[in-house]
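The following note sets out some points for a colleague who is beginning to read protein structures. Please keep the sequence and the model in view while going through them.

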Amino acid sequence: MATNHILLLGAHGQIAKMMISKFLANSWSVTALIRNGDEDQKKKQKDELQKIGDEAPKTNNNVTLDVLFHNLSEVKTTEDAAEVIKRA
């Protein structure tokens with residue numbers, strides 16, 4: 001069964017973090033995009049989002065949460081977003 005997939009920009013924000021859990025619970029796969037930072041910050045942010053994903057109730061075992069770091073200013077079109085999702 002195919003799942004819906006969303007690219008969530010600014011995924012480490014408070015509202016985005018709540019949305020990750022909601023999307024996963026409703027059978028959406030999520031690619032969470034966070035701006036680049038230093039390595040310690042990136043690890044902490046990725047770990048935090050993975051924990052949210054692990055704790056989210058899932059009705060479909062095929063949903064995924066991928067966390068990517070990217071320069072957000074480079075995502076300007078749906079084609080740019082599709083390229084980011086392909087990297088997940």
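1. The radius of gyration used here is taken over C-alpha atoms, and the globule rule is 2.2 Å times the number of residues to the power 0.38. The model under review is predicted. For 88 residues, a compact globule would have a radius of gyration near 12 Å, and the protein chain has 12 Å, which agrees. Along the principal axes, the C-alpha atoms fill a box of roughly 35 × 30 × 20 Å.

2. How many helices and strands does the protein chain contain? There are three of each kind. Following the sequence from its start, one meets them in the pattern β-α-β-α-β-α.

3. Contacts join distant parts of the sequence. Among the contacts of the protein chain with a separation of 6 or more, 67% are between residues 24 or more positions apart. Of the 88 residues, 35% count as buried.

4. The surface and the charges may be taken together. The protein chain exposes about 5600 Å², of which carbon and sulfur atoms supply 51%. There are 12 positive and 12 negative side chains, and the centres of these two sets lie 4 Å apart.

5. In soluble globular proteins, nonpolar side chains tend to be buried together. In this model, the largest nonpolar core has 16 residues, and those with the most contacts inside it include Ala11, Ile20, Leu24 and Val30. At least two residues of this core come from each of β1 (4-9), α1 (14-25), β2 (28-34), α2 (39-55) and β3 (65-69). The element that gives the most is α1, with four residues. A second, separate core has six residues, among them Leu7, Leu33, Leu68 and Val84.

6. Alanine 11 deserves a closer look, as one of the residues with the most contacts inside the largest core. Residues up to four places away in sequence aside, alanine 11 touches Ala16, Lys17, Ile20, Ala32, Leu33, Ile34 and Leu49.

7. Is serine 27 buried or exposed? Serine 27 lies in the loop between α1 and β2, and it counts as buried because its relative accessibility is 16%, where the cut-off for buried is under 20%. Beyond its neighbours within four places in sequence, serine 27 is in contact with Thr3, Asn4, Thr59, Asn60 and Val63. Its backbone also merits attention. Most residues other than glycine have a negative phi. Serine 27, although not a glycine, has a positive phi of about 65°.

8. Aspartate 80 belongs to helix α3 (residues 78-87). With a relative accessibility of 28%, aspartate 80 counts as partly exposed. Not counting residues up to four places away in sequence, aspartate 80 touches Glu74 and Val75. Aspartate 80 and threonine 59 are 21 residues apart along the chain, and their C-alpha atoms are separated by 30 Å.

9. Arginine 87 is also found in helix α3. Its relative accessibility is 53%, so arginine 87 counts as exposed. Which residues does arginine 87 touch, not counting those up to four places away in sequence? They are Leu68 and His70. Arginine 87 and threonine 31 are 56 residues apart in sequence, and the distance between them in space is 9.6 Å, C-alpha to C-alpha.

Terms used. Residues are numbered from 1 along each chain as its sequence is written. This is a predicted model: local features need pLDDT of at least 70, side-chain atom pairs count only at pLDDT 80 or more; totals for chains, interfaces and linings use all residues. Side-chain values use heavy atoms; hydrogens and water are left out. Buried means under 20% relative accessible area, exposed over 50%, partly exposed in between (1.4 Å probe, protein chains only). Contact means heavy atoms within 4.5 Å. Accessible areas come from the Shrake-Rupley method with a 1.4 Å probe; for residues, only the protein chains shown count as cover. Lys and Arg count as positive and Asp and Glu as negative; His and the chain ends are not counted. The place of a charge is taken as NZ of Lys, CZ of Arg, CG of Asp or CD of Glu. A nonpolar core is a set of buried Ala, Val, Leu, Ile, Met, Phe, Trp, Tyr and Cys residues joined through side-chain atoms within 4.5 Å.
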